[in-house]
Amino acid sequence: MNTLPRPYIQVIRARLNIRAGLSVCASCRRQFTSHGVVEENDIVLLKRVGGSGIAGPLLSAPLQNFKNLDYGSDQIRHNDIIGKKLGHIVKTKRKKLDYRISQPTLAEYTDLTPRLVTPIYSQDASVIVSLLDINPTLPGSDAALDNERLEIFEAGTGHGALTLNLARAIHAANTTPPTTTYPSQAGVNTTPIVSEVESGKEAETNIGAETESLDTTQTAYQTWRDGRRAVLHTLDISGQHSDFAQNVVKNFRSGIYFHHVDFHVGLIEDYLSKRLEDSPTPFLDIAILDLPATNNYLDIIFKALKPSGKLLVFCPNITQINECVLDVKKKVIPLFLEKVVELGASVGSGGRVWDVRPVRPRAYLKAMSEKAANKAVEGSFKRLQLGGEELEGNTSSVPSDVNNTSETQEATPIDDGGGWELVCRPMVGGRVVGGGFVGLWRKMD
């Protein structure tokens, strides 16, 4: 009887991405099985216990047997962590320093993960999510009966820190996904355990049944994705950054928020234009721009926003917010600026409000009024000359309404569309160094 070699069976199963166990999300499965015990592929935070120096916490990679967590000249064995309960103390291999095992919070995770680009740090991300005031409706509630999907668009995925915070904000709107095997979760061991007695025709039969089961599972998962009531679309121009951000999202708590996010690579115009072609009606509830030259994308973002939809722009410099404010005014885009907030550690956890608004200086208005008055006088002289009359230094023959136009504020200024400048200052306090600036607009009905 011909039998399949055991390694061959393992390879096939690994490629099919089959895992035994309950068909629930990974985080729920952990609640059923581990009871706070650290397992392989988990990510933990190690906090120093005692010691005179101030040592920062250490964030591990997904734990693997026989690997080490290296830092400086010392290391901690992964095997010393796997199987221990949260709160257990482990020692470093060389210096015998004590570290306590804990589960990283979302803020700790996003701030301590390796990065290819500078992330939006946790305290700034919290302010941004708070400003957006996202209130998803629970599945099955009366408010959810309208079947209207909440869609958020993030341009500039970057590190994925803000992506994670936004995904958590919409998490309550969706039901639990039917499986975690499609797509595969990064940091989760997808290689199944094959019994020693599983071989030959039995193995072939099992593989065929598992393949059929996988097709059914993938269909169920795709159906669930199509029926999501809240989705975060995040786009980046760099495929490398997008792939890295996917791993950041997938590795947090076994991908608890990963299923709510759709990752895209490309240009804003290409993605939104295609969506607008497929569905001409606006579809976005919230748009977030975190990229250079944000003012270049205001027109197409406006077209994609639903009435009363929100546009949030995150910029490192206040001048970039200024450009957006001026472009909205000059192009007459129906967006209302609700708030400009400065972010940063020295500003405070809630940010600091700035007064940013377009104005025309009085000197400019006065010059325009004088220009309008001069044109009115010149027009009157021409009309008088055409009528056969000549004015030789005697202004008494000039109609009184012409003389009155020399008074500023009386003549109508010539609106050439220019002259706009910005009031740009903190509402209170002195000058501080912040982590960036956020402008929040709302689409007018």
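These legends walk through close-up views of one predicted protein model.

Residues are numbered from 1 along each chain as its sequence is written, and side-chain values use heavy atoms, with hydrogens and water left out. Because the model is predicted, local features need pLDDT of at least 70 and side-chain atom pairs count only at pLDDT 80 or more, while totals for chains, interfaces and linings use all residues.

**View 1. The whole protein has 12 helices and 15 strands.**
Helices (H or I, at least four residues) and strands (E, at least two) are DSSP runs, numbered from the N terminus. Of the 445 residues, 41% count as buried; buried means under 20% relative accessible area, exposed means over 50%, and partly exposed is in between (1.4 Å probe, protein chains only). The accessible surface is about 23,700 Å², and 52% of that surface belongs to carbon and sulfur atoms. Such areas come from the Shrake-Rupley method with a 1.4 Å probe, and for residues only the protein chains shown count as cover. How far apart in sequence are the residues that touch? Taking contacts between residues at least 6 apart in sequence, 74% join residues at least 24 apart. Here, contact means heavy atoms within 4.5 Å.

**View 2. Cys315 and Cys324 are two buried cysteines without a bond between them.**
A disulfide is a covalent bond between the sulfur atoms of two cysteines. In this model a disulfide is counted when two cysteine sulfur atoms lie within 2.5 Å, and the count comes to 0. Why do Cys315 and Cys324 not bond? The sulfur of Cys315 has its closest cysteine sulfur in Cys324, but the two are 5.5 Å apart, too far for a bond. Cys315 is buried because its relative accessibility is 1%, and Cys324 is buried because its value is 0%.

**View 3. Aromatic rings pair up at Phe252 and Tyr257.**
Rings of Phe, Tyr and Trp (its six-membered ring) pair if their centres lie within 6.5 Å; planes under 30 degrees apart count as stacked, over 60 as edge-to-face and the rest as tilted. The whole structure holds 6 such pairs. In one of them, the ring centres of Phe252 and Tyr257 are 6.2 Å apart and the planes meet at 20 degrees, so the pair is stacked. Both of these residues are buried. Phe258 and Phe263 make a stacked pair too, with 6.2 Å from centre to centre and 25 degrees between the planes; Phe258 and Phe263 are buried. Look also for Tyr109, which ring pairs link with Phe252 and Tyr257 into a cluster.

**View 4. Charged ends sit over the rings of Phe283 and Phe302.**
A charge sits over a ring if NZ of Lys or CZ of Arg is within 6 Å of the ring centre and within 35 degrees of the ring normal. Arg275 places its charged end over the ring of Phe283, 4.0 Å from the centre. Lys443 does so over the ring of Phe302, at 4.4 Å from the centre.

**View 5. His233 sits in strand S8 (residues 230-236).**
Is His233 buried or exposed? With 5% relative accessibility, His233 counts as buried. Its side chain joins that of Tyr271 through a polar contact of 3.2 Å. A polar contact is a pair of N or O atoms within 3.5 Å; within protein, one must be able to donate a hydrogen and the other to accept it, and residues adjacent in sequence count only if both atoms are side-chain atoms. Beyond residues up to four places away in sequence, His233 touches several residues, including Glu151, Phe153, Asp262, His264 and Arg275.

**View 6. Leu337 belongs to strand S12 (residues 335-343).**
Leaving aside neighbours within four places in sequence, Leu337 is in contact with Val325, Val356, Leu440 and Trp441. The C-alpha atoms of Leu337 and Leu311 are 9.3 Å apart, although 26 residues separate the two along the chain.

**View 7. Helix H5 (residues 161-170) is mostly covered.**
In H5, 8 of the 10 residues are buried, among them Ala161, Leu164, Asn165 and Ile170.

**View 8. Asn41 and Ser254 have positive phi values.**
Most residues other than glycine have a negative phi. Phi of Asn41 is near 80 degrees, and Asn41 lies in the loop between helix H2 (26-33) and strand S1 (45-48). Phi of Ser254 is near 60 degrees, and Ser254 lies in the loop between helix H7 (239-251) and strand S9 (261-265). Asn41 is buried at 15% relative accessibility, and Ser254 is buried at 18%.
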